[in-house]
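Hi everyone, thanks for coming along. I'd like to take a few minutes to walk you through one model, so let me put it on the screen.

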Amino acid sequence: MNFNSFNQERIVLVATVLVVLFAAIALPGFLNISNVISIVRSISVLGILALGMAIVIIGRGIDLSMVAIMAMSVAWYLQLLHAGTDETAAMLLVLAAVIFIGAVNGFLVAYADVPPIFVTLATGLFVFGFIRSQVIPSDAVTVPAGHWLETVGALRFAGIPVDVFVFLALAFATFIFLRFTKWGRYVYYAGDNPAAARNIGIPVRPMLVLRYVLSALLSFIAGMLTAASLLSIQTRVINSNLLYDVILVTVIGGIGLSGGKGGVRNVLIGAALIGILLNVMTIANISLLYQNLIKSTILLAAIILDGWLNPRDEQTAQQGDI
Amino acid sequence: MNILKSAIGAIAIATATFAALPAAAQDPGPEAYKNALEGKRIVMVPMAMGFDLAQGWAGYLSIEIPNFGGVFETRDPNWSVEAGAQAIAEAITSDPKPDVLIVMAPDMNSYSKLMRRAQKAGIFVFLIDNPANFKADAFFGGDWTEMGRIEAKEAVRACGEGSSKQIGLVQGDQTNATSLFQYNGIVEEMAKHDGFEIVAEPFSNWDATTSRTVTTTMLQQHPDICAIIDFWDGDAVGAAAAIREAGLSGKVHLIANGGGEKSANCDAIKNGTYGAVVSTSVERESLRYAGNDEVSASKQRQAG
């Protein structure tokens, strides 16, 4: 059996095409151009988060603090503006904090050897708890009237919301980083076999810190786009399924949880399938419980398939790997 | 002008009867309150702190209860059902036990067993805002079916006779009583109006981004929709964004439901984001509650 012709990416691509064909026939208005735009738009924020998650997972890690960083950094930023802080100062302060949290994640994983799943779970909870209890008074913070985020939220090019372009630009940048830069290629080596990567002189640890900083920055951008379109940021999003959806998109697209495999193309395919599926389920009036059931079944199938196609490498597997 | 009409809209008051407390219900005087509350410990477990309903309850209770010599504490499960269950379990086993447990149930069933345990341990259990499958000592909160009816009436009024008569819903979830009862009320009221139909009823899971996405899809599938009822103002900003982005502001009347978060809602009504907000009056509910008075919930169309 030739496994090259039977990889997960192709299976998902075929599944996506099948769903599209079914929807185009069964659901009038599905292929409507505005519906297609709204599908792409609905997965932009999810896709940006999935790009960050992909970078981390390819390097054999996972970042569970992304949604917390996304919501709380922007909530703090908006709260600073409400308190009258200067725009530039607020932005610099929050950016510094975002980079700091990413660096803490990376440092604890790289130098303290704590499994990433625990580190990022803890920092995510800490970020949420600290900002929510110390900084913001209620669980939603609005965008101040007349702020530039309002303009960004209303921005359209050829009728397409700006979120879509930001997502595509970031996807392209991530593609260039992973494919054509030295540090990007090293992500794969470090993810495939960290010990060997270290032995040949790759700075495995500083690069690990870099990956978590990148995912934190991508979370912040995703948060700003959310705030721009809703004109407020709701910290309740931490309790939503968003984080699972991000992992769903990443894993479904075919980025192996054991690291070293996959790329931006996988994120795009995964995001497309999930976006189309959610859209179809909404148009067909499928209830939320069934939507969750369908999504979880797909995730389970993807993880089983991932385990089968990308078995753990006994030689390089470590305690705490996912 | 829709906004103006909403502003003039009459105050609709629906009264629901609730069980009165056995103690001190006869004498409303301060002496009786003092006797009832002196040295008593009252613990509130809302779904989360930091949103209008919970802050409203906590705001009034934390003034009234200590004034009459009681102790008032809150726990913040922060929208987590598990954390809420833990807080209740911890309250039951704590020493001294609280005398009263005030619970805002996240859904119909999750806390039922725990609350029964609390009752068995001799704690009075009160439910606020959200009904549950549990015989509480008292329930304080809105009549959600009636809220649904009022929302449906407002939708029918806003659409008018000459309209498409198509109405869309953005429901919350399938387990929370407020969502289920509102839905029943809306369906019941709609049946009375000839030609009006609910063309789509997606769920937001109380999340603003989801509300935006499903509303965008709904408006594309049914461009003639004349009114949308979103089950909570916490996520209706998403539905509002979808309407704005579809260029249908002023054409689609958005009706949201809220717990009295006045500043944001009134701004939203004035600038046309919301058409109307049907609101429970948490001030009146909680003030009467603290006074151990017979409570009647009142709903009013709040127009800023």
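**A serine, an interface and two cores**

Let me begin with a single contact: the side chain of B:Ser211 comes to 3.1 Å from the backbone nitrogen of B:Ala239. Before I go further, please keep in mind that this is a predicted model.

Where is this serine? B:Ser211 sits in helix 8 of chain B, which runs over residues 208-221. Is B:Ser211 buried or exposed? B:Ser211 has a relative accessible area of 0%, so it counts as buried. Leaving out residues up to four places away in sequence, its neighbours in contact are B:Val170, B:Ser204, B:Asp230, B:Asp235, B:Gly238 and B:Ala239. So B:Ala239, the partner in that 3.1 Å approach, is also on the list of residues that B:Ser211 touches.

Now let's move out to the place where the chains meet. On one side 32 residues of chain A take part, and they are in contact with 35 residues of chain B. Together the two chains bury about 2,400 Å², with 49% of that on carbon and sulfur atoms. Which three residues of chain A supply more of its buried area against chain B than any other three? They are A:Leu230, A:Arg236 and A:Leu288, and they account for 24% of what chain A buries there.

What about polar partners? Between chain A and chain B there are nine residue pairs in polar contact, counting pairs with both residues at pLDDT 80 or more. On the chain A side, the elements that give two or more residues are helix 2 (33-42), helix 6 (116-135), helix 11 (204-230), strand 4 (232-234), helix 13 (264-283) and helix 14 (288-309). Helix 2 gives the most, with five residues. Sorted by character, that side of chain A has ten nonpolar residues, 17 polar and five charged.

Next, the salt bridges. The count over all chains is 14, and two of them cross the interface of chain A and chain B. Here is one to look at: the side chains of B:Glu245 and A:Arg156 meet at 3.9 Å, N to O. B:Glu245 lies in helix 9 (residues 233-245) of chain B and A:Arg156 in strand 2 of chain A, so this pair joins two chains. Both ends are partly exposed: B:Glu245 has a relative accessible area of 26%, and A:Arg156 has 28%. The pair also belongs to a network of salt bridges that links A:Arg41, A:Arg156, A:Asp163 and B:Glu245.

Within chain B, I picked out two more. B:Glu73 and B:Arg75 meet in a salt bridge at 3.1 Å, N to O, and B:Glu73 is partly exposed at 23% relative accessible area. B:Glu161 and B:Lys165 form another, with their closest N and O atoms 3.1 Å apart. For that one, the two ends are classed separately: B:Glu161 counts as exposed at 61% relative accessibility, while B:Lys165 counts as buried at 14%.

On to the nonpolar cores. How many residues does the largest one have? It has 88, and those with the most contacts inside it are A:Phe30, A:Leu49, A:Leu51, A:Met53, A:Tyr77, A:Leu78 and A:Leu149. Helix 4 of chain A, residues 66-82, brings the largest share, 13 residues. Taking A:Leu49 as an example, and again skipping residues up to four places away in sequence, we find it touching A:Met66, A:Met70, A:Ser219, A:Ala222, A:Leu242 and A:Val246. Apart from that core lies another one, of 43 residues, including B:Leu61, B:Ile65, B:Met104 and B:Ala138.

Last, a few backbone details. Most residues other than glycine have a negative phi, and most peptide bonds are trans. With that in mind, have a look at A:Ala158, where phi is near 50°. A:Ala158 is in the loop between strand 2 (156-157) and strand 3 (160-161) of chain A, and it is exposed, with a relative accessible area of 78%. B:Trp79 also has a positive phi, near 70°. Its place is the loop between strand 2 (71-74) and helix 4 of chain B, and it is partly exposed at 21%. Finally, a cis peptide bond joins B:Asp95 and B:Pro96, with omega about 0°. B:Pro96 is in the loop between helix 4 (81-93) and strand 3 (100-103) of chain B.

That's my tour, and thanks for listening!

Key
Residues numbered from 1 in each chain as written. Chains lettered and ligands numbered in written order. Heavy atoms only, no water. Contact = heavy atoms within 4.5 Å. Buried area = accessible area lost by both parts, 1.4 Å probe. Salt bridge = Lys/Arg side-chain N within 4 Å of Asp/Glu carboxyl O. Polar contact = N/O pair within 3.5 Å; in protein donor to acceptor, adjacent residues only side chain to side chain. Helix = DSSP H or I, 4+ residues; strand = E, 2+ residues; numbered from the N terminus. Nonpolar A, V, L, I, M, F, W, Y, C, P; charged D, E, K, R; others polar. Buried < 20%, exposed > 50% of the residue type's maximum accessible area, 1.4 Å probe, protein only. Core = buried A, V, L, I, M, F, W, Y, C linked by side-chain atoms within 4.5 Å.
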